[in-house]
Amino acid sequence: MDARKQEQLDPASASGEGPGLIDTDVHNDFAAREDLLPYLPKVWHAQWLAVGTGVGSPYYSPVGVLRRDAGPERGGPPGSDPHYLLRDHLERFAIDYAILTGAGILEMSLNPDCDYANAAVSAYNDYLLEQWLPASPRFKGSIVVNHADPAAAAREIDRLGGHPDLVQVIMCSGARTLYGQRCYHPIYEAAQRHGLPVAFHPGTEGRGVAGAPTPSGYPSRYMEWHNALPGNYMAHLNSLVCEGVFEKYPELRIVAIEGGIGWLPHLMWRMDKNYKALRDSVPWLRELPSTYLRRHVYLTTQPIEEPQEPEHLAQIFRMCGAEDRVMYASDYPHWDFDPPKFALASLPREMRAKVRSANAAALYGLTGRPPAGGRGGASHAD
């Protein structure tokens, strides 16, 4: 869809006052493992070349994971060529900014060797800075951290948190323990110190050293596993609120990428109901649990719910205040990719502009359109 058609979908996006469209989940990758070697200490070269992340998946997807029509012209997997990604995705859909979220490197937190995982994510971050962000001011990066070693993760955030084109911290949602627990607090403290949101991305549940993907164990098949991913997001957000993370870090913002939206009202209602009787068990909470979720948590559209009656989706947004917290995401170049027109068409006009760009622009400090040339930068609140 060209810019003119995008304007017809929502003329407000063409005002020129700010970004018209921001994609908050674009998966960039490297073409081959060798691409990371210049940034990785030599002691880890043989292991990286032999096994990569060393984290396998028990599930087979009959449609694969990546789109078959998104491979770069000069070869390599989809998402591995920044210049092709610009043409194939950003220019095709008139996207002003793409938040790069990485790919397989996210699962490094689930490798049992923390030293190896720390070295690999740090190497990837340097690769991102050298090979991707200079390619276009429309690219904004995410700092990948190894959440299994929170102290090292905090050091990585401090090392890179001042870079103007790194706009968030990201970690996989598969974990040994829930994210509200105090062992993870150094990550949140460092992120708040640099004014960076912390994003969670699914797809690693039940892999490596993470726990089973459901409380009752392992699903049998990929579809079953994929259907249940939002349950892990509910568990992490419940933990973050009940453990008092948002009281301890009042400026922290969480981005729940690719987890859906429809479950949020249920979680809010259940937490508020139980809080009325059980508040003595969480005396540090000063407000209803739903208030923390409304204030601190952002979500992304892909995979957006598709009810038979489109107005039901707008009702869900209103139930949980999602119109101020949901951001457009394509999930490029994955098989369940959503182009902007598809993802936003069922939303009322007054919500559409917020989801297209306004919510993401406010969160990531992307107050203007990208320059035609030179370097772009995002400003973070202190």
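**Asking why: helix H12, the core and the salt bridges**

In helix H12 (residues 310–320), Leu313, Ala314, Ile316, Phe317 and Cys320 are the buried residues. This is a predicted model, in which local features need pLDDT of at least 70, side-chain atom pairs count only at pLDDT 80 or more, and totals for chains, interfaces and linings use all residues. Residues are numbered from 1 along each chain as its sequence is written, and side-chain values use heavy atoms, with hydrogens and water left out.

Biologist: What puts the buried residues on the same side of H12?

Modeller: They cover an arc of only 155° around the axis, so they lie on the same side of H12. The arc is taken from the directions from the helix axis to the C-beta atoms. In general, an α-helix has 3.6 residues a turn, so residues three or four places apart point the same way.

Biologist: And what do the buried residues of H12 pack against?

Modeller: They pack against helix H10 (264–278), helix H11 (289–296), strand S8 (326–327) and helix H14 (349–364). Contact here means heavy atoms within 4.5 Å. Helices (H or I, at least four residues) and strands (E, at least two) are DSSP runs, numbered from the N terminus.

Biologist: What makes Glu107 and Arg207 a salt bridge?

Modeller: The definition asks for a side-chain nitrogen of Lys or Arg within 4 Å of a carboxyl oxygen of Asp or Glu. Their N to O distance is 2.9 Å, so the pair qualifies. The pair links distant parts of the chain, 100 residues apart.

Biologist: Why is Glu107 called buried?

Modeller: Buried means under 20% relative accessible area, exposed over 50%, and partly exposed in between (1.4 Å probe, protein chains only). Glu107 has 9%, so it is buried. Arg207 counts as buried too, because its value is 15%.

Biologist: How do you know that Asp126 is partly exposed?

Modeller: Its relative accessibility is 22%, so Asp126 falls in the middle class. Its salt-bridge partner Arg159 is partly exposed as well, with a relative accessible area of 40%. Their side chains meet at 3.1 Å, N to O. Asp126 lies in helix H4 and Arg159 in helix H5 (residues 150–160), so the pair ties together parts 33 residues apart in sequence. Asp126, Glu156 and Arg159 are linked in a network of salt bridges.

Biologist: Which class does Val63 belong to, buried or partly exposed?

Modeller: Val63 counts as partly exposed, because its relative accessibility is 43%. Val63 is found in the loop between helix H2 (45–51) and helix H3 (82–91).
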